[in-house]
Each structure stands twice: as structure tokens, then as C-alpha cells.
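Biologist: Please take one part of this model and go through it closely with me, strand by strand. After that, I would like to know how far the rest can be trusted.

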Amino acid sequence: MMVRRGSTLLLVLVIGAAAAACGGTEEVAGAAGPYTLQLAPEQTATVAEADLTSGPTISGQLTPAREATVRSQVGGSIVSLGVDRGEAVRKDEVVARISSRDLEQALASSETAVRSAETALEVARSEQQRTEALVTGGALAARDLEQARNAVANAEAALAAARSRETSVRQQIDDTAVRAPFAGVVSDRPASPGDVVTPGTPIVTVIDPSSLRLEALVPSDAIGQARPGSTVRFTIRGYPGQAFAGRIDRVAPTADPVTRQVAIFVTLPNVNGRLIAGLFAEGRVEAERHRGLVIPLSALDETGPVPVVTRVHDGKAERVTVTTGLREADSERVEITGGLTAGDVVVTGSAKRVAPGTPVSIVSGGPAGTGD
């Protein structure tokens, strides 16, 4: 009995001490006051007016509107090729030469054939004149005159054929000089000096860098917003922080059978030649543009039945129901059409779930409070 009573007394003393300790803690917390949530400036945003655009997003790459692959017109060995990739060329500039030795021999033969045909024609015409005189004098029959005239006609045809062959050979010799079709820059050079080529072999590819265009894809369900003449604003990889603009020149008449996307062709100025073909671009067709109040998408809480934001008002957090308008996925902004006014401060990121009524202060530097 004494041991049991001692144990009971010890248990009562322990419980009493614990209760006293808890009571002391509550008093300290009450003396310290409610906890203040400290937020860094980057955890908040100020509601402000800005230009907003709506329209389908696009993605694609820059391609030259003027591009030509210069091919050999004759067969032979490349004896000179004076340009390389990245070099500028002028219109009609000779970029390569193909051996013309065999053609020069053919030209000499064709010139000889022309002279022979001219001689044969002169003889035939003289014979025709002599025959006409004899027929007039009754020395020859009219049949002989007809034969003489046929001989002249055949000689004229032979001369025409010889001259045509000569012209063809001269044209082939001229084609041994490969020329640039327009002023531009060499983008590819698949051939090399010494290569033996046949008609149709690619020598160089020339592009006009001032004629770049954006070939992009638009989802088929938004193609109605991508009309010729519409403005397209986009960014290009390799040019961070820079925005570019162009206009839709035309829209492809068919959609891709697999992706169901439609190609659009956007013209853009490249007067200084800064842009390079082949770069990837992303942007948006400006189907609509106006000004409105905007906040970051990270400030919007859409987990409930209506969108809400956490606003800092009089040093405390409060939940505000808002109505939204246009959204810009690329800039991660959303238009607020109701519930907020310009100058309001809202909480962004995970801190936006702070309980209403929590004291809030915005500090610069140092870690923000978590509220735990």
C-alpha cells in the first residue's frame, strides 16, 4: 500500500509540473504577439496596366525566301571553284569553271562544218543560176531546174543545221562558267575543285539573307486568327532579350495530316543581315491587342471554384475573388478585369496560400518567413 501511494503521488506531481510548463508557454506566446510573415520583393507583384495580346502561339524556323542551288549544265571536271560557305557573291559572278577542252574541239569541228555548208550552198546556188539560164535557152528541161532548186534548199538546210550545232556548242562552252543567279551568300558548297560532274550536279547553294521569312506552325483550331496581314511577334534563339515582328504573308491551304497544324509564312525585314537562316523562333499571332490590368500567373490561385489572389492590405493578407481576361502564356501574365485596382500588391508563388489576416511585411534582402 505504501509503495502504491508513493507511485500515485509521483505521477500527480509530474502531471502538475507539465501543466505548469504549458501554462508558462502560452503566456510567452501571448506576450510576443502574432507572427509576422516576411516577404521578399520578388514574392510580390504590383497590379499595373500593360499591353496585352491574344492569339495562337507559333513555333518554327527562319528560312530564306530566295534560295537557289546552282547546278552544272555540262559534264566535265571542275577546274576552279573560288567561293566557299559564308562568302558573298554578286549577281552573274562566276563561282566555278568546268573544263571545256572537249567542247572547244567540238566547236572547232562545228565551225568547219559551217564553212563547208556555206561553200556547198554557194555551189548549189551557182548551179541553180546556170540551170535556169539553160532552161530558158531550151538546152535543159524544166525538170533539171527543179532538181537544182531542191539542191539549194538542201544546202540551206544543211547550213542551218551546222550553224545550230555551232551555237549549241558555244552555249555549252559558256555554261562551263557557273554563275550566281542573284546577289547573296553561299550557304552550301557540295562540290570541290577536281570533281568530275555531270549535268545537274549541285555546285553551290546561294541564299538572299535580306529575304528571310519565318515558316511557323499554328494549331488548326486557331487558324481563323492567323490571317494574311496579321502581325506576328516572336523571339529567336540566339538573340536573348530581343523581340522581332513580321506580318503573315500567306497561309498554307492544307493542314499536316499527322499534327493537324497549318503552316504560315511570315515576312520580316533583315536589312542589316543580323538574322541567320535555320534559327528556331517562338511567338504569337496578334489577333487582338489592348491595355488592361495584369498580374503574374503565379499570383493567381485557381484551386477553388473561382479564381482568387492574396492581396496585402493594411499590412495583412486578405483573399480577394477576381475575374480574369486574356492570358499570355509566353510572358506568364493574366489580365484582371475585376476585383483589383492599379497599385494593389499581391503575393506570388507558394506564399500566396498564407492564411487571411496574417500580418505581412515586405523586406529587402534576407530569407522570407514561412509562417511555421
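Modeller: Happily! A word on terms before the tour: two strands count as paired if DSSP finds at least two bridges between them. Strands are DSSP runs of E with at least two residues, helices are runs of H or I with at least four, and both are numbered from the N terminus. Keep in mind that this is a predicted model, in which local features need pLDDT of at least 70 and side-chain atom pairs count only at pLDDT 80 or more, while totals for chains, interfaces and linings use all residues. Residues are numbered from 1 along each chain as its sequence is written, and side-chain values use heavy atoms, with hydrogens and water left out.

The part I would pick is an open sheet of 4 strands, in the order E5-E12-E10-E7, with antiparallel pairing. Strand E5 (67-71) and strand E7 (88-89) are its edges, each pairing on one side only. Strands of a sheet pair through backbone hydrogen bonds, either parallel or antiparallel.

Let us walk across from the E5 edge. E5 and E12 are joined by 5 bridges and pair in the antiparallel sense, with valine 70 standing opposite valine 204 in E12. Next, strand E12 (residues 202-207) runs antiparallel to E10, with 3 bridges between them. Valine 186 has valine 206 of E12 as its bridge partner, and valine 185 is partnered with isoleucine 207 in E12. How enclosed is E12? Of its 6 residues, 5 are buried, so E12 is largely enclosed by the rest of the structure; buried means under 20% relative accessible area, exposed over 50% and partly exposed in between, with a 1.4 Å probe and protein chains only.

On the far side, E7 pairs with strand E10 (residues 184-188) over 2 bridges, again in the antiparallel sense. Here alanine 88 has valine 185 of E10 as its bridge partner. Valine 185 is thus a link in two pairings, with alanine 88 and with isoleucine 207 of E12. Beyond E7, the loop between E7 and E8 holds aspartate 92. Aspartate 92 has phi near 70°, a positive value in a residue other than glycine, and is partly exposed, with a relative accessible area of 44%. A similar note applies to arginine 260, in the loop between E15 and E16: its phi is positive, about 60°, although it is not a glycine.

For context, the protein has 3 helices and 24 strands, and 34% of its 372 residues count as buried. Another open sheet of 4 strands has the order E2-E23-E19-E20, also with antiparallel pairing. Strand E2 (44-46) and strand E20 (316-321) are the edges there, each pairing on one side only. The twist averages 40° from one strand to the next, where axes are lines fitted to C-alpha atoms and angles run from 0 to 180 degrees between N-to-C directions. Within that sheet, strand E19 (residues 308-313) and strand E23 (residues 345-347) pair antiparallel over 2 bridges, and valine 312 has valine 345 of E23 as its bridge partner.

As for packing, a nonpolar core is a set of buried Ala, Val, Leu, Ile, Met, Phe, Trp, Tyr and Cys residues joined through side-chain atoms within 4.5 Å. The largest has 20 residues, of which Ile58, Leu214, Phe234, Ile236, Ile264 and Leu275 touch the most other members. Several strands give two or more residues to this core, among them strand E4 (57-64) and strand E13 (212-219); E13 gives the most, with 4 residues. Apart from it lies another core, of 19 residues, including Val83, Ile98, Val178 and Val197.

Finally, how far can you trust it? The mean pLDDT, the predictor's confidence in each residue from 0 to 100, is 84 for the protein, and 88% of residues reach 70 or more. Confidence is highest in strand E8 (residues 94-98), at a mean of 96, and lowest in helix H1 (residues 2-32), at 34. Over residues 1-33 pLDDT stays under 50, and the model has 0 contacts (heavy atoms within 4.5 Å) beyond four places in sequence for them. Residues 366-372 also stay under 50, with 12 such contacts. Where pLDDT is low, the predicted coordinates should not be read in detail.
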